[in-house]
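Here is a short tour for anyone meeting this chain for the first time. Have a look at the sequence and the fold, then read on.

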Amino acid sequence: MPDYTLYAYYRSSCSARLRIILNLKNISYDQITVNLLKGEQLSPEHKALNPSASVPLLISNRAPDAGFKIGQSVAALEYLEEVHPLVPALPPTSDAKGRATVRALCQVIAADVQPVTNLRIMRRVRALGGDAEEWNRDLMGDGLAAYEAVAKDSAGKYSLGDDVTMADASLMPALWNAQRYGVDLSQFPTISKIFDNLSAHPAVQKAHYFVQPDCPEELRKE
């Protein structure tokens, strides 16, 4: 049995964060699709597992935590870091500033960008007569500008030096979304460099939206 079961959707950026870190740490996991476009996240069965009615949901299959559920991606990232520290996704505990920088960058994406650009909000914007795509472009651009301002002082190959961290796992799916909605990434030179380096990383490639088992055939990358 794999170490974890991940309830996810191929184009969920929060799900992709977990896939990147699971891949980076070489942790085995199975994926169970929750189709957000069909509203499967709102089913009584899924809400019984994750009261937030969202993905991802990470369930441990490992003793002594077998059956333990985490329904928020950043909490799941922290848990994986504590339980599987061999390939770190945070700097050592002695580097308090580095750890704080990674966490701050994670929150720029997880708190400031993703919640206001997700499917639920886009549907609400359209219902109110707004342009959801323009909404996304503007808010993603604002969030990425904040990320750029912080990361320009901490980045090497990646967001903090030359090792992939939870910040990169949060950033990369946000960049895939930004590309989808036409955000010009060239205005963010630090982020663009990080994007290029992450795009070549096997853990990120394996987590890409378009190679997931539930990705529609017309979008699939070989």
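## Ground rules

A residue is called buried when its relative accessible area is under 20%, exposed when over 50%, and partly exposed in between (1.4 Å probe, protein chains only). By that yardstick Tyr209, at 3% relative accessibility, counts as buried.

Keep in mind that this is a predicted model: local features need pLDDT of at least 70, side-chain atom pairs count only at pLDDT 80 or more, and totals for chains, interfaces and linings use all residues. Residues are numbered from 1 along each chain as its sequence is written, and side-chain values use heavy atoms, with hydrogens and water left out.

## Two domains

Let's start with the big picture. The domain assignment (bounds of this kind come from an automatic or database assignment) gives domain 1 as 4–88 + 207–219 and domain 2 as 96–206. Their C-alpha centres lie 19 Å apart. Where they touch, 22 residues come from domain 1 and 23 residues from domain 2; contact here means heavy atoms within 4.5 Å.

UniProt has its own labels, in the numbering used here, with shortened feature names and annotations that may be inferred rather than shown by experiment. Its unreviewed entry puts "domain: GST N-terminal" at residues 2–88 and "domain: GST C-terminal" at residues 95–217. Helices (H or I, at least four residues) and strands (E, at least two) are DSSP runs, numbered from the N terminus. On that basis, residues 2–88 are 33% helix and 18% strand, with end C-alpha atoms 20 Å apart. Residues 95–217 come out at 64% helix and 0% strand, and the end C-alpha atoms there lie 44 Å apart.

## Around strand S1

How many residues of strand S1 (residues 4–8) are buried? Five of its five are. Tyr4, Leu6 and Ala8 are buried on one side, and Thr5 and Tyr7 are buried on the other, so both faces of S1 are covered by the under-20% rule.

Strands pair if DSSP finds at least two bridges between them. S1 has five bridges to strand S2 (residues 29–33), in the parallel sense, and Ala8 has Thr33 as its bridge partner in S2. With strand S3 (residues 57–60), S1 runs antiparallel over four bridges; there, Leu6 stands opposite Leu58. Add helix H1 (residues 13–24), and S1, H1 and S2 make a right-handed β-α-β unit. Right-handed means that, with the strands pointing away from the viewer, the path from the first strand over the helix to the second runs clockwise.

## An aromatic pair

Rings of Phe, Tyr and Trp (its six-membered ring) pair if their centres lie within 6.5 Å; planes under 30 degrees apart count as stacked, over 60 as edge-to-face and the rest as tilted. The structure holds three such pairs. One of them joins Trp176 and Tyr209 edge-to-face, 5.0 Å centre to centre and with 70 degrees between the planes. This pair links distant parts of the chain: Trp176 sits in helix H7 (residues 166–180) and Tyr209 in the segment after helix H9 (202–207), 33 residues apart. Trp176 counts as buried because its relative accessibility is 8%.

## Two more buried spots

Thr190, in helix H8 (residues 189–199), is buried because its relative accessible area is 13%. Beyond its neighbours within four places in sequence, Thr190 contacts Glu148, Ala151, Lys152 and Ala155.

Gln114 lies in the loop between helix H4 (96–113) and helix H5 (119–127). At 18% relative accessibility, Gln114 counts as buried too. Leaving out residues up to four places away in sequence, Gln114 touches Ser13, Cys14, Arg17 and Ile109.
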